[in-house]
Amino acid sequence: MDVSKELEIFEEKIQKGEKIEPKDWMPDEYRKNLIRMISQHAHSEIVGMLPEGNWITRAPSLRRKLILIAKVQDEGGHGLYLYNTAETLGARREDMIEALHTGKAKYASIFNYPSLTWADMGAIGWLVDGAAMTNQVSLMRTSYGPYSRSMIRICKEEAFHNRQGYEIIATWCNGTEEQKQMAQDALDRWWEPALMMFGPEDKDSTHSAQSLKWKIKVEGNEELRQRFIAMTVPQIEARGLRLPDPNLKYNPETKKYDYSRINWEEFFNVIKGNGFMNRERLRDRNKAHNEGLWVREAAEAYSKKHSSNNK
Ligand code: BYC
């Protein structure tokens, strides 16, 4: 079959809302764009283990420690499903990991900000997982079957992460004046980086046009950012916290929230590798990977032995 016919069948399937599966024909640009996005998503999950992992030893109670350990472990699991998903498109795990560890690949900008206090564990679950979940619920409808299915499972876990973060913040808001202040400070610091998670304004989004056409993404960056704001503002108000932006206000004419201009210069600087924590995150990832070598070797030796015993 010639390429134009293949392309026609592919686009028809997408229009009908059918999923594209690994062995189906797909344009090279579709495959490349998906590998880029899914591998960056996988990197974000495992780099995202670091800011919270840092606080496991300092959790204020056994209950909080157990929850945080379970959450951080879930993020590692998300990374695993997503690397597997990228592999179904022909990407090699070693190449993806090397691109992350050498600083060639991007991961979510948010993880280049420091987690300074225990209230940040609340803000990360509430705002960072909340933003991630808004984005990922939308991605459950992506046209690539394995990515869509991995999002279904990930979103179930993200919902728990989001609630546990909000619960930490709610507890602190009911605590001492100092604790409430720490919750406010965490909200103020994490708000703008959380809005940046949805990516640049639509006019500066290089991939959106193609991704929306082939339903890799089903909604634009700004549309999802607005959904997150609309979900979160009532939660801020319900806890008696101050809005983190003086210009954040519902506009009944546009039926959207107005908010202060996001510092896009900072965003682009962070994703170029110049954020506050970029160097430390890559150092810690490389260290963890090198220290895990014996585990990978043992797993490989076991699987070789096991498969030769089965012959
Ligand atoms: N951070 O054309 P655009 C989590 C880059 S983690 C860094 O709009 P696209 C969690 C973009 O890559 C969940 N880079 O891009 C884990 C592109 O550069 P390249 C993370 C960003 O792909 C642990 C350029 O800017 N979620 O839940 O159409 C603990 C132009 O952007 C960012 C995902 O990864 C960013 N925020 O749209 C707690 C979701 N934004 O590649 C929680 C999957 C943009 O040309 N990804 N860039 O060099 C997506 O949905 C899309 O990739 C985005 C961006 C909406 C993020």
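The exercises below concern a predicted model of a protein chain with a ligand.

**Exercise 1. Describe the overall fold and dimensions of the chain.**

Solution. Start with the secondary structure: the chain has 13 helices and two strands. Next take the extent of the C-alpha trace, which is about 65 × 55 × 35 Å along the principal axes. Then turn to the radius of gyration, which is 21 Å. A compact globule of 311 residues would have a value near 19 Å, so the chain agrees with that expectation.

**Exercise 2. Determine which residues and helices surround the ligand.**

Solution. Begin with the pocket: the ligand takes up the space of the largest one. Counting residues with a heavy atom within 4 Å gives a shell of 35. The closest are Lys 106, Ser 109, Ser 205, His 207 and Lys 217. Sorted by class, the shell holds 14 nonpolar, 12 polar and nine charged residues. Finally, assign the shell to helices: α2 (28–47), α4 (62–87), α6 (119–139), α7 (145–173) and α11 (264–274) each contribute at least two residues.

**Exercise 3. Find polar side-chain atoms that contact oxygen atoms of the ligand, and state how much of the ligand is buried.**

Solution. The cut-off for a pair of N or O atoms is 3.5 Å. In the side chain of Lys 106, an N or O atom lies 2.5 Å from a ligand oxygen. For Ser 205 the corresponding distance is 2.7 Å, and for Gln 40 it is 2.9 Å. As for burial, the ligand alone exposes 1100 Å², and the protein buries 90% of that area.

Technical notes: Residues are numbered from 1 along each chain as its sequence is written. This is a predicted model: local features need pLDDT of at least 70, side-chain atom pairs count only at pLDDT 80 or more; totals for chains, interfaces and linings use all residues. Side-chain values use heavy atoms; hydrogens and water are left out. A polar contact is a pair of N or O atoms within 3.5 Å; within protein, one must be able to donate a hydrogen and the other to accept it, and residues adjacent in sequence count only if both atoms are side-chain atoms. Accessible areas come from the Shrake-Rupley method with a 1.4 Å probe; for residues, only the protein chains shown count as cover. On a 1 Å grid over the protein atoms alone, a cavity is a set of points where a 1.4 Å probe fits but cannot get out, and a pocket is an open set with protein on both sides within 12 Å along at least five of seven lines; lining residues have an atom within 4 Å of a point. A molecule sits in a cavity or pocket if more than half of its atoms lie within 2 Å of its grid points. Helices (H or I, at least four residues) and strands (E, at least two) are DSSP runs, numbered from the N terminus. Ala, Val, Leu, Ile, Met, Phe, Trp, Tyr, Cys and Pro count as nonpolar, Asp, Glu, Lys and Arg as charged, and the others, Gly among them, as polar. The radius of gyration is taken over C-alpha atoms; the globule rule is 2.2 Å times the number of residues to the power 0.38.
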